[in-house]
Amino acid sequence: MSLFTYLIILIIISIPFAAMVFLPMKWSKPVLVASFIIFILFMYGPMMTMGVLSLQGPEGSMTLPAHDLFSGHWYSQLNADSDLMAGVRDGIGKSLWISLIVAGITAILSLTLGMAFRRSFRGSGILFYAILLSLMTPGLLLSLGLSFLLYYATPYLNDVGINYHTGQAPLGFVPIIGVQAVWALPFGFLVMMSIFNRYDARAEEAARDLGASSVRTFREVTLPLVWTGVFGAGLFGFTLALNEFERTFLVSGAINTLPLELFIITSTSVLRPYVYSLGVVTILFSFLLIGLFLIVSAVAGRKKALAIDEDDGGSMNTSAMHAAPSGD
Amino acid sequence: MSDTGLVLKDVYRVFPGNVTAVSDVNLEIKNGEYVVFLGPSGCGKTTTLRMIGGHDDPSSGTITIDGELLNGVTPAKRPITTVFQHYALFPHKSVLQNVAFGLKMQGMDKAERETQAKAAIELVGLTAMMDRKPRELSGGQQQRVALGRVLVTRPKAILLDEPLGGLDRLLQLKMRVELRALQRELGITFIHVTHNQEEALSMADRIVVMGDAIVQQVGTPEKLARQPRNEFVATFMGDNNVLKGTIASASGGVIVIDTPYGKVEVEGTGNVGDESSMAIRASAVKVSTDAVPAINGIKVRLDFAEYLGDSVKLHMDLDGKPFMAKVHEERYAEIRAYEGKDITASWTREDGHLLEQ
Amino acid sequence: MVTSLSSNDHHALDEAKAEVAAAEAVEKQTLPEAPLGIMATSGPVRSPLVTLAWIAPGTIWLLLFLIAPLLMIVLVSLWERTPVGFEAFSFTGAAYGRLFETSVYTNTLRDTVIRSVIITLLCILIGYPIAFFLARCVKTVKFQIALFIVVLAPFWVAYVVRIVSWLPVLGRQGLINYFLVNVLQVVQEPVDALFYSTFAITLALIQLYVLFMVTPIFFQLATLDNASVEAARDLGATPSRVFREVIFPLSLPGVLIGCIFVFVLTMGEFATVRLIGGGTIQSVGTIVYEAYVLPDLPKAAAGATILVAVMTVGVAIMLRFSKIREVV
């Protein structure tokens, strides 16, 4: 493509930004609404095209035009009796197990770190940045480094009687779970931080006052108050682990998770539309989980709101308070 | 251009969902006046202020300044600026840049606007801190930057939304003096919103008491303190005792109200048999161990004498209702001896004040 | 008006000022100390052992699966190569020598940096208006959250799937070519350069990482003190002045965080370049990967170390450039 084409593209991309900067809200708003819709198309368009193509018949190819839509052929192919598909199904199974474990670990680590950051301790700043560092570490580097560490450590592990061979189950799961939990940790941690920021520590003090031990206070007061956060952190762990690829890539050895299977298929074999149907299945599964999380947290939120209303005896005219935006 | 000052005529503000925030407000504020809007939270005072400043629009009614209609005029185009609650300083700009902002927006060149901004900074006494960022200043200093920022644009009126709200008590007392002195010196109209009675009494030329979305009373501090118009104002201003009953007789500009605690007389007119109420200021109540007089006197039990430094506030019990008196602090020791005992509270007819129903 | 004021009698005012200064001296003394940690902590001082117990699990996990791997990369780059791996603690600079034998690495590094910078800038251009629209044009909070979830959801779609989904859009028979040839009729032949090109990689990387720009800007704009905006309007600022003088400067920390994320993550990109570039286009990531499979682990480590160094310099420049301390 010529420089001129690039220039045109650049100008078109700049339109919403320019509108936002130079036009009053009245005029910029339609531009921003339009650019938002285009943005959504940009984000979802490829996936939707993939979705359409995944519905083709046996004649279907990887690109347009679509053949014989709504046959469901490539979905039934996922169940076919071939080595390729057996590998894929095996990958799905492993991914689900790994993700479940990562979910639990992320939840526990996020909770403990969240509890830790409610106290002041030396080096809290460094620990905070270390947690965020994992967000900013390119996956390939993390994977590379851990694979070096494993290469170096394997003989020593074997010496002390830990029968570790890189990439073989069940110990081979450890590095996979390790990097995936590191990846999910900052998300889970930030969820816990936001929960604890709104959390009223006086409930704990009251429980202690009434004679509860530390362990009991944690179990009976703290945990019930923050469990939505723990659940959210776990869900972050699950979904991010399920879709994780770059971090897992070099440390998985012979264990192929679903994203790894997908990568191998797309980079080595002749592509057929079952890749799309597989993609669609993973997308739907991820969205199902997010939906589930949103419903659970909405229900939890409503319960909390109801409890507060009852505390107030329901006498406050909340609608009136919301309607009046002034500060008085 | 006339010089009628700020006029609010039949102003209403109804929020979606039919919540009336401000109802039937009629006010005339003369140029150079220091007016305080006083009321409990949710009374409509901030909404009224926002409508004057152009941050909200009246649902009906008009707002004019010196005869010019302000309805629909953007805040930017009004000759009125606001000192926001918590000051709303620009955190990324220095004191000088904050103060010069309004002039920059008017398109004034840099040298000129800096000269004027520096003059305003000097006026509020912050010359030494010109290059600091707002977060490097104390609450009182931030307050003065906010003042400097609005003064520099030479508005006809300055609106202050709870300007002393974020300061501790000692600083509040000092800033009251400073704000008032500044306003006198500038001769600009100040409209100040607060929920603090003492603040309003100490600063205002006139106070506008708002309650339940309407203006309850407008008057000078003395007028509000001595002659609250109705029960709302009497109770909200504090240190007032309200007695209710039916009118027993009315003649010669004096009525006698029959209350459950005895007869009281008060100057005013009314129809015999009507419900009526009157207020007596706590400081007008005399306490003694004398016999209860036939009129303008009641028997009360002294619960607690509160020492206030320059006076003693007596919390008394009138058949389960509070009754208050204020006496000179010299009498503290004497009064304390009567805690838990019955005493007599009395007042003269002139100190009683008939309330509107 | 103002100029005439300063010549007036200041006596009363000066007195008041002196009193205020005294009052402020008191106020300053009672100002609470700024918390040293990340969060202000409340509650009584508790046993350091308990604090340690809360800190330990997360810290150990991070050390094992994040810090140690990153340190390992630097170490391995300085060690001798063996036929299958490396000889630990045999320090040499040979890996760097092999890396710079040809100009491939240098050229690729340059291209990668340029590509990352361009992508980062484009992400600001595209992401800012989207964040602005979500944060400041959408009126109700419910609708705002709903739209934000819609924007964010693709983040949970498997990375490989998102890359694969570009094939039916950008391919020779893809959606865009279909439009160009059959609908708009601007070209006779399908454009080959769409897939397997820098253009395609750029597009895919923007789609993958633009959310890392939108999210921090959105949070910065959504939590922006609206009173500052009102004050600016009150003082006569036009809408575009309000944006330039108040909104944009106050959103800069969000932009900066977004820039760091996008720059760092695209610098370390490997799978997108490999799958969409089809082997014809290189990035530092693909070079590192090729050295890894050779296997020349020290060379891979050297390539990764330099990558980390360049990323760190890039981030340092961004921090310096934006003078973040001044903004926040």
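Two residues are in contact here if their C-beta atoms, placed from the backbone, lie within 7 Å. The structure on display is a predicted model, and the tour below moves from chain A to its contact with chain C and then to chain B.

**Stop 1: chain A as a whole**

Select chain A and colour it by secondary structure. The chain contains 13 helices and zero strands, so that its elements, read from the N terminus, are α throughout. Of its 328 residues, 39% are buried. Among contacts between residues at least 6 apart in the sequence of chain A, 74% join residues at least 24 apart.

**Stop 2: T248(A)**

Next, select T248(A), which is located in helix 10 of chain A, residues 246-249. Is this residue buried or exposed? T248(A) has 28 other C-beta atoms within 10 Å; because 20 or more suffice for the term, it counts as buried. To see what surrounds it, display S143(A), I176(A), V179(A), Q180(A), T257(A) and L260(A), which T248(A) touches when residues up to four places away in sequence are left out. Then add P175(A): although 73 residues separate it from T248(A) along the chain, the two C-alpha atoms are 8.1 Å apart.

**Stop 3: where chain A meets chain C**

Select helix 4 of chain A (residues 83-116) together with helix 3 of chain C (residues 48-77). Their axes come within 8 Å and cross at roughly 135°. This angle lies outside the roughly perpendicular range of 65 to 115 degrees and is not over 145, so the two helices are oblique to each other. The crossing is left-handed.

Show side chains for the residues that make this contact. On helix 4 of chain A they are I108(A), L109(A), T112(A), L113(A), M115(A) and A116(A); on helix 3 of chain C they are T51(C), W54(C), I55(C), P57(C), G58(C) and W61(C). By class, nine of these residues are nonpolar, three are polar and none is charged.

**Stop 4: a sheet in chain B**

Finally, move to chain B and select its open sheet of five strands, ordered 13-12-11-14-20 with antiparallel pairing. Which strands stand at the edges? They are strand 13 (262-267) and strand 20 (352-355); each has a single partner strand, so one side of each lacks a neighbour in the sheet. On average, neighbouring strands are turned by 45° against each other, direction ignored.

Within this sheet, zoom in on strand 11 (residues 240-251) and strand 12 (residues 254-259) of chain B, which run antiparallel and are joined by five bridges. To inspect one bridge pair, select I247(B) and its partner in strand 12, I257(B).

Methods. Residues numbered from 1 in each chain as written. Chains lettered and ligands numbered in written order. Predicted model: local features only at pLDDT ≥ 70, side-chain atom pairs only at ≥ 80, totals over all residues. Pairing = 2+ DSSP bridges. Helix = DSSP H or I, 4+ residues; strand = E, 2+ residues; numbered from the N terminus. Axes fitted to C-alpha atoms, helices over the stretch in contact; angles between N-to-C directions. Buried ≥ 20, exposed ≤ 12 C-beta atoms within 10 Å, placed from the backbone. Parallel < 35°, antiparallel > 145°, perpendicular 65-115°, else oblique. Left-handed = near helix turned anticlockwise from the far one by under 90°. Nonpolar A, V, L, I, M, F, W, Y, C, P; charged D, E, K, R; others polar.
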